[in-house]
Amino acid sequence: GSEMCIRDRHSSYVHVFFKVDAHRLDFRCENSKPAVAVQQGKVGGIGLANIQRRLGLLYPEHYKLEQKEDENLYSVILSITL
């Protein structure tokens, strides 16, 4: 019944996509947001800041990192010119 629909609507997931060719790597990671909002002021996002620093050292001027967010989804999109 309706309980199953509610459970399905709030199930968590992570989707990872990548493509590599001779000159470029494209990576995208999408994950669902929790059904219950996370407390404001909670520390987070440190992992992405560390990744961006490392990318800047390893691939200066050769990468693009985007973060997107809507009410249901977080996305990170990375392109590296090889």
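Here is a short chat between a student and a tutor about this predicted model.

Tutor: Before we start, residues are numbered from 1 along each chain as its sequence is written. Local features need pLDDT of at least 70 and side-chain atom pairs pLDDT 80 or more, while totals for chains, interfaces and linings use all residues, and side-chain values use heavy atoms, with hydrogens and water left out.

Student: Which residues make up the largest nonpolar core?

Tutor: A nonpolar core is a set of buried Ala, Val, Leu, Ile, Met, Phe, Trp, Tyr and Cys residues joined through side-chain atoms within 4.5 Å. Buried means under 20% relative accessible area, exposed over 50%, and partly exposed in between (1.4 Å probe, protein chains only). Here five residues meet that description: L55, L65, V76, L78 and I80.

Student: And which strand gives the largest share of this core?

Tutor: Strands are DSSP runs of E with at least two residues, helices are runs of H or I with at least four, and both are numbered from the N terminus. Three of the core residues come from one strand, and that's β4.

Student: How many bridges pair β3 with β4?

Tutor: Two strands pair if DSSP finds at least two bridges between them. β3 and β4 form a hairpin with three residues between them, and K68 has S75 as its bridge partner in β4. The pairing is antiparallel, and the number of bridges is seven.

Student: Which residue forms a salt bridge with K33?

Tutor: A salt bridge needs a side-chain nitrogen of Lys or Arg within 4 Å of a carboxyl oxygen of Asp or Glu. For K33, the N to O distance is 2.7 Å. The pair links distant parts of the chain, 36 residues apart, with K33 in the loop between β2 and α2 and its partner in strand β3. That partner is E69.

Student: Is E69 buried or exposed?

Tutor: K33 has 22% relative accessibility, so K33 counts as partly exposed. E69 comes out at 55%, so E69 counts as exposed.

Student: What is the relative accessible area of E30, the partner of R28?

Tutor: R28 and E30 form a salt bridge, with their closest N and O atoms 3.0 Å apart. R28 is partly exposed because its relative accessibility is 31%. E30 is buried, as its relative accessible area is 16%.

Student: What is the phi of E61?

Tutor: Most residues other than glycine have a negative phi. E61 sits in the loop between α2 and β3. Although E61 is not a glycine, its phi is positive, at about 65 degrees.
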